[in-house]
Amino acid sequence: MKVFETITKKEAELDSTYNLSQTIGKKALSDGGLIVGRIAQVRLNKNTKQIEGIITRNFTHKPLYIGLSYISKITDKGVVLNMEPTIFLRNRRVITHEGKIIGKVFSITRKGTKNDLENITVYKMFRKKLIVSANDIEKAGKSIILKKGYNVRQKYFWQKSN
Amino acid sequence: MSDKNIFGKNQIDALTSDDILGKEVIDTEGNFLGVVEKLFIDKINLNFNAIAVDKGLIKKGFVVGKGYIDRVTEHAVFLKTSIAFELKGLQVFDKDGEKVGKVKKVFTYGDKNMIKSVLVSMGINNDLEINSKYIAKIGENIRLNKCWREIKV
């Protein structure tokens, strides 16, 4: 490393820091190792000058702005999040507690801009879309498993809604 | 179904081989692992022991002991756990998010579903065996709790 002149008051030494530009282009991973995207930008708060979040780019999704609250680690090797982004639940299979496939996730509704799920819209061919509340979801992994006792009444698109 | 019964107990609620064979097998993460192909019954005590899961023409199937079966429902057989051998092919990242490689092989403790270590392919003729104690989380891929350079089995 080059020799630098240092002008600091109470900040950490140079060797205790790393170059944030090296993070750009690296992968952002979710808690479970899902590749969320490549880091396009690291955003700083205009007032506090602290890191507020990152922007990731992925071919399959719109660019994501992820807040620092959801970031576990930022290094020059990449970024690790502390959650599984719920927006990646799209196109996952939805199955009942009995194992019946009722469709795929068409869209998700979050609580504002948080990662918390409010509900999902389930789609199956020739059936009307079904909205399932997050409270009825037992597990959201590779597939979404609904809770026991959830009564699914999917209608064909030609049937009248209640 | 025959009405004659010399068992002495009502078998209306019992499961039959028809209820299990051909059903999808799903793990705790919602992974569809395959289809129940066979039932294994101990030839001495005639107890149901395990099921064989068929993963299709190309992939190898596996056998799951009844202890790992959570429930048999109308549409599927649910397992209590994820299968260790399903880790093969997953990418491995270290604690800093650096890619280490892909899982080439999974070593378990005997025939149990407990991971002992994973063999990670880092390139041509370059494999690294990583003990399970360094695995932080298993999800879509595997994340370690240490930098790969510090890991030695």
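Where in chain A is Thr86(A) found? The legends below, for close-up views of a predicted model, begin with this residue.

**View 1. Thr86(A) and its surroundings in chain A.** Thr86(A) lies in the loop between β6 (78-81) and β7 (93-95) of chain A. Apart from neighbours within four places in sequence, the residues in contact with Thr86(A) are Ile108(A), Arg110(A), Asn115(A) and Leu117(A). The relative accessible area of Thr86(A) is 10%, and Thr86(A) therefore counts as buried, the cut-off being under 20%.

**View 2. The interface between chain B and chain A.** In this predicted model, 27 residues of chain B are in contact with 27 residues of chain A. About 2300 Å² is buried between the two chains, and carbon and sulfur atoms give 54% of that area. On the side of chain B, the residues that lose the most area to chain A are Phe32(B), Glu140(B) and Arg143(B). Together these three residues provide 26% of what that side buries.

**View 3. Salt bridges and polar contacts between chain B and chain A.** Five salt bridges are counted between chain B and chain A. In one salt bridge, the side chain of Asp96(B) meets that of Lys73(A), with an N to O distance of 3.1 Å. The count of residue pairs in polar contact between the two chains, with both residues at pLDDT 80 or more, is 15. Three strands of chain B, namely β6 (76-79), β7 (91-93) and β11 (135-138), each supply at least two residues of the side that touches chain A. By class, that side of chain B has 12 charged, nine polar and six nonpolar residues.

**View 4. The fold and dimensions of chain B.** The secondary structure of chain B comprises one helix and 12 strands. Read from the N terminus, the order of elements is α-β-β-β-β-β-β-β-β-β-β-β-β, with the helix placed ahead of the strands. The C-alpha trace of chain B spans about 70 × 30 × 25 Å along its principal axes. The radius of gyration of chain B is 20 Å, whereas a compact globule of 153 residues would have a value near 15 Å.

**View 5. Burial and contacts within chain B.** Of the 153 residues in chain B, 36% are buried. Among the contacts in chain B with a separation of 6 or more, 31% are between residues 24 or more positions apart.

Technical notes. Residues are numbered from 1 along each chain as its sequence is written. Chains are lettered from A and ligands numbered from 1 in the order in which they are written. Side-chain values use heavy atoms; hydrogens and water are left out. Contact means heavy atoms within 4.5 Å. Buried area is the accessible area (1.4 Å probe) that two parts lose on being put together, summed over both. A salt bridge is a side-chain nitrogen of Lys or Arg within 4 Å of a carboxyl oxygen of Asp or Glu. A polar contact is a pair of N or O atoms within 3.5 Å; within protein, one must be able to donate a hydrogen and the other to accept it, and residues adjacent in sequence count only if both atoms are side-chain atoms. Helices (H or I, at least four residues) and strands (E, at least two) are DSSP runs, numbered from the N terminus. Ala, Val, Leu, Ile, Met, Phe, Trp, Tyr, Cys and Pro count as nonpolar, Asp, Glu, Lys and Arg as charged, and the others, Gly among them, as polar. The radius of gyration is taken over C-alpha atoms; the globule rule is 2.2 Å times the number of residues to the power 0.38. Buried means under 20% relative accessible area, exposed over 50%, partly exposed in between (1.4 Å probe, protein chains only).
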